[in-house]
Amino acid sequence: MQLNLVVSTNTAGVRCWQRNGFKTVGTLPGAFHHPRLGFVDALVMVQQLALDAWQELLSRQQSLQTMYPMKSLQTRRFWQGCA
């Protein structure tokens, strides 16, 4: 399982995480201090990964880290899903 907090006012970020299979499971009221809006909610977003998905992720990450050592596979997959 992967867990992320996303600021509720970041609508583009929320959409991007949703496109990558994350679901909102809760809200933390006033958890983030926005410079203009004051305290805003943070969304708790999770994605469940099956065992075979973990194994695939690990094998791909090992091979891709050789090619792209500065970026993780998770980061690349996330941004590819936003395009």
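This tour proceeds through a predicted model, one selection at a time.

**The whole chain**

Begin with the entire protein displayed as a cartoon. Three helices and three strands make up its secondary structure. Traced from the N terminus, these elements follow the order β-α-β-β-α-α. Of the 83 residues in the protein, 30% are buried. If a surface is now drawn, its accessible area comes to about 6,000 Å², and carbon and sulfur atoms account for 59% of it. Among contacts between residues at least 6 apart in sequence, 50% join residues at least 24 apart.

**The N terminus**

Select Met1, which lies in the segment before S1. Is Met1 buried or exposed? Its relative accessible area is 58%, so Met1 is exposed. Now add Val46 to the selection. Although 45 residues separate Met1 and Val46 along the chain, their C-alpha atoms are 6.8 Å apart.

**The strands**

Next, select strand S3, residues 38-47. Seven of the ten residues in S3 are buried, and the strand is thus mostly covered. Keep S3 in view and add its partners in turn.

With S1 (residues 2-7) added, the pairing between S1 and S3 can be followed: it is antiparallel and comprises six bridges. One position to label is Val7, whose bridge partner in S3 is Ala42.

Then add S2, residues 23-34. S2 and S3 also run antiparallel, and eight bridges join them. Two positions along this pairing are worth labelling. Phe32 stands opposite Val40 in S3, and His34 stands opposite Gly38. How many residues lie between S2 and S3 in their hairpin? There are three residues between the two strands.

Pause at Gly38, which belongs to strand S3. Its relative accessibility is 22%, so Gly38 counts as partly exposed; a residue is called buried when this value is under 20%. Beyond its neighbours within four places in sequence, Gly38 is in contact with Phe32 and His33.

**Helix H1**

Move to helix H1, residues 11-19. The residues to colour are Gly13, Val14, Cys16 and Trp17, which are buried in H1. Turn the view to look down the axis of H1: the buried residues fall within an arc of 160 degrees, and they therefore line one face of the helix. Following H1 is Gly21, which has a positive phi, near 95 degrees.

**The aromatic pair**

Show the side chains of Trp17 and Phe22. The structure holds one aromatic pair. The ring centres of Trp17 and Phe22 are 4.7 Å apart and the ring planes stand at 80 degrees, so this pair is edge-to-face. Trp17 has a relative accessibility of 17% and therefore counts as buried. Phe22 is likewise buried, with a relative accessible area of 4%.

**The nonpolar core**

Which residues make up the largest nonpolar core? Six residues form it, namely Val6, Val14, Trp17, Phe22, Leu43 and Met45. Helix H1 and strand S3 are the elements that give two or more residues to this core.

Select Val6 and display its surroundings. Leaving aside neighbours within four places in sequence, Val6 is in contact with Gly13, Val14, Trp17, Asp41, Ala42, Leu43 and Met45. Among these contacts, Val14, Trp17, Leu43 and Met45 are members of the core together with Val6.

**Asn4**

The last selection is Asn4, found in strand S1. Is Asn4 buried or exposed? With a relative accessible area of 16%, Asn4 is buried, because the cut-off for that term is under 20%. Beyond its neighbours within four places in sequence, Asn4 is in contact with Trp17, Phe22, Leu43, Val44 and Met45. Among these, Trp17 and Phe22 are the two residues of the edge-to-face pair visited above, while Leu43 and Met45 belong to the largest nonpolar core.

Terms used: Residues numbered from 1 in each chain as written. Predicted model: local features only at pLDDT ≥ 70, side-chain atom pairs only at ≥ 80, totals over all residues. Heavy atoms only, no water. Helix = DSSP H or I, 4+ residues; strand = E, 2+ residues; numbered from the N terminus. Buried < 20%, exposed > 50% of the residue type's maximum accessible area, 1.4 Å probe, protein only. Contact = heavy atoms within 4.5 Å. Areas by Shrake-Rupley, 256 points an atom, 1.4 Å probe, with all protein chains shown as cover. Core = buried A, V, L, I, M, F, W, Y, C linked by side-chain atoms within 4.5 Å. Pairing = 2+ DSSP bridges. Arc of directions from axis to C-beta. Phe/Tyr/Trp six-rings, centres within 6.5 Å; stacked < 30°, edge-to-face > 60°.
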